[in-house]
Amino acid sequence: MALPRLVEGIGVTHSGIGLHTPATVRFGTAEEIRDQRAVTLAEAYARHPERFGRRPRPPEIPKTAWINDPAMHREPAPQTS
């Protein structure tokens, strides 16, 4: 079927990892993609600065990203009867 192949090709981006897919971050291509996005945004700004409130930049890629940050995890208080 064509639909599963189509769906496989769609990468879901996440704001917590700089609008990249987990695969681009994992396999080390996120910086290159971010650089390409920066060029595209600079060209768009140069052509139509009136469309932007400020100069656009692609989001930074965090050094670490967590689904459940262990630093934010608290042990539950012991229950007393």
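This passage describes the fold, model confidence and selected residue environments of a predicted protein model.

The protein contains 3 helices and 0 strands. Read along the sequence, the elements run α-α-α. Helix H1 covers residues 2–8 and helix H2 covers residues 22–26. Helix H3 spans residues 30–47. The chain has 81 residues, of which 12% count as buried. About 7,500 Å² of the protein is exposed. Carbon and sulfur atoms supply 57% of that area. Among contacts with a separation of 6 or more, 35% join residues 24 or more positions apart.

Confidence was examined next. The mean pLDDT of the protein is 83. A value of 70 or more is reached by 88% of the residues. The elements of the protein do not share one level of confidence: H3 has the highest mean pLDDT, at 96, and H1 the lowest, at 45. Residues 1–8 have pLDDT below 50. Beyond near neighbours in sequence, this stretch makes 0 contacts in the model. Where pLDDT is low, predicted coordinates should not be read in detail.

One ion pair was found. The count of salt bridges comes to 1. The pair is formed by the side chains of Arg 34 and Glu 60, with an N to O distance of 2.9 Å. Arg 34 lies in helix H3 and Glu 60 in the segment after H3, so the salt bridge ties together parts that are 26 residues apart in sequence. In general, side chains of opposite charge can pair when their charged atoms come close. The two partners differ in exposure. Arg 34 is buried, with a relative accessible area of 14%, because the cut-off for burial is under 20%. Glu 60 is exposed, with a relative accessible area of 55%. The side chains of Arg 34 and Glu 60 are also joined by a polar contact of 2.9 Å.

The surroundings of Arg 34 extend beyond this pair. Neighbours within four places in sequence are left aside here. Arg 34 then contacts His 20, Pro 58, Pro 59, Glu 60 and Ile 61.

The loop between H1 and H2 was considered at two positions. Leu 19 is found in this loop. Its phi is near 60°, a positive value in a residue other than glycine. Leu 19 is partly exposed, with a relative accessible area of 38%. Thr 21 is found in the loop between H1 and H2 as well. Thr 21 is buried, at a relative accessible area of 17%. Not counting residues up to four places away in sequence, Thr 21 touches Gly 11, Val 12 and Thr 13.

Two prolines of the segment after H3 were also examined. Pro 56 is placed in this segment. Pro 56 is buried, with a relative accessible area of 17%. Residues up to four places away in sequence are again not counted, and Pro 56 touches Leu 41 and Tyr 45. The C-alpha atoms of Pro 56 and Ala 38 are separated by 8.1 Å. These two residues are 18 residues apart along the chain.

Pro 62 lies in the segment after H3 too. At 31% relative accessibility, Pro 62 counts as partly exposed. Leaving aside neighbours within four places in sequence, Pro 62 is in contact with Gly 16, Ile 17 and Gly 18. The C-alpha atoms of Pro 62 and Val 25 are 9.8 Å apart. Along the chain, Pro 62 and Val 25 are separated by 37 residues.

Taken together, the segment after H3 supplies Glu 60 to the salt bridge with Arg 34 of helix H3. Pro 56, from that segment, is buried, whereas Pro 62 is partly exposed.

Methods:
Residues are numbered from 1 along each chain as its sequence is written. This is a predicted model: local features need pLDDT of at least 70, side-chain atom pairs count only at pLDDT 80 or more; totals for chains, interfaces and linings use all residues. Side-chain values use heavy atoms; hydrogens and water are left out. Helices (H or I, at least four residues) and strands (E, at least two) are DSSP runs, numbered from the N terminus. Buried means under 20% relative accessible area, exposed over 50%, partly exposed in between (1.4 Å probe, protein chains only). Contact means heavy atoms within 4.5 Å. Accessible areas come from the Shrake-Rupley method with a 1.4 Å probe; for residues, only the protein chains shown count as cover. A salt bridge is a side-chain nitrogen of Lys or Arg within 4 Å of a carboxyl oxygen of Asp or Glu. pLDDT is the predictor's confidence in each residue, from 0 to 100. A polar contact is a pair of N or O atoms within 3.5 Å; within protein, one must be able to donate a hydrogen and the other to accept it, and residues adjacent in sequence count only if both atoms are side-chain atoms.
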